[in-house]
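Student: I should like to request a close look at a single part of this model, namely its sheet. Please describe how the strands are arranged and what packs on them.

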Amino acid sequence: MQQTIETPTAGVSPVIVDAAAVARRIAVNVANVIIGKNDVIEQALAALIADGHILVEDVPGVGKTMLARSLAVSIGGTFSRIQFTPDLLPSDVTGVSVYNQGTGDFSFRSGPIAAQLVLADEINRATPKTQSALLEAMEERQVTVDGVTHPMPAPFLVIATQNSIEYEGTFPLPEAQLDRFLLRVNVGYPQFDEEITIIAQQEFSHPIQELQPVASPEDVIQLQQAAQSVYVDSLVREYLVSLSEATRSHQDAALGASPRASLGLFRTGRALALIRGRDYVLPDDIKELAVAVLSHRIVLTPAARMRGIRPERLVSEVLNTVAVPGAG
């Protein structure tokens, strides 16, 4: 199944048209590996363009790692995988200063975090101390070791994965770190015919081995700059803030979405519009992204958890409650 993205409409600036063409090439290329998950690919690409990070939470074997690898190959960026384990130390992530006997000085050896696309695999298996080593890199695009600041390469994207069914030997991500992720996505199982296609594709080799870059890191930076020119009407801005605000006053929420969530909706809305060849954001873009952007930032009340309420359901209720601009 090929990636389908809206064709740019007449009257759109050449910058947006060219950017949308690059985004389509990346999306279609990733879809050669991740079969039948066009919405997940689009959201991952939107996070990259919005200069954010992704938390992929799902059962084993649905393609979480392949999503990160295929995206890294498609943009021609450097890729690093960090396998999070209970004995992983913060210095194993950020890097360490090593004494050089020849010069008598300390030299910095960067850790695996210093890549353009970083896969933090099974992030919830590391201790909170090691998990917090990612916070500065994710938010400030830098790491500080022995008082010296080292910038991250651009573009910089962290894709963290965690198993949604295993809790033994894991450490839940604190709210402060969850809030650093722009999106939380679920890959989900493929459809029957899609799974048949996956088996046929991997009968002799994996398609990731033949995947080639279709863009460069410089192209991604230009996509990020082009997204900043996408227009967001004041009514759409009020709508996305109203969604965040409604989660804070919901009876089942002990802690609602933060202002960073509103900024996340704003940025990913512009990125999604760019991918679809538009130079303006629609309320439907915000509605489509709301669950992925807001749900992981919400802390439910104990009573809501006892009733089996999920944050995704709370966001869906908010979407049905808050008036959409321009709706009758």
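Tutor:
**The open sheet and its helices**

In this predicted model, five strands form an open sheet in the order β2-β5-β8-β1-β9, and their pairing is parallel. The edges are formed by β2 (79-83) and β9 (183-185), each of which pairs on one side only. Direction ignored, neighbouring strands of this sheet are turned by 20 degrees against each other on average.

At the β2 edge, the partner strand is β5 (residues 117-121), and the two pair in the parallel sense over five bridges. Within this pairing, Ile82 has Ala120 of β5 as its bridge partner. As a general point, the strands of a sheet pair through backbone hydrogen bonds, either parallel or antiparallel.

Two helices that pack on the sheet complete this description. Helix α2 (residues 38-49) touches β1 (54-58), β8 (157-163) and β9. The direction of α2 makes about 165 degrees with that of β9, which is one of the two edge strands. Helix α3 (residues 64-74) also packs on the sheet, where its contacts are with β1, β2, β5 and β8. The direction of α3 makes about 170 degrees with that of β5. Both β1 and β8 are therefore touched by α2 as well as by α3, given that contact means heavy atoms within 4.5 Å. The strand β9 is listed among the contacts of α2, while β2 and β5 are listed among those of α3.

Methods
Residues numbered from 1 in each chain as written. Predicted model: local features only at pLDDT ≥ 70, side-chain atom pairs only at ≥ 80, totals over all residues. Heavy atoms only, no water. Pairing = 2+ DSSP bridges. Helix = DSSP H or I, 4+ residues; strand = E, 2+ residues; numbered from the N terminus. Axes fitted to C-alpha atoms, helices over the stretch in contact; angles between N-to-C directions.
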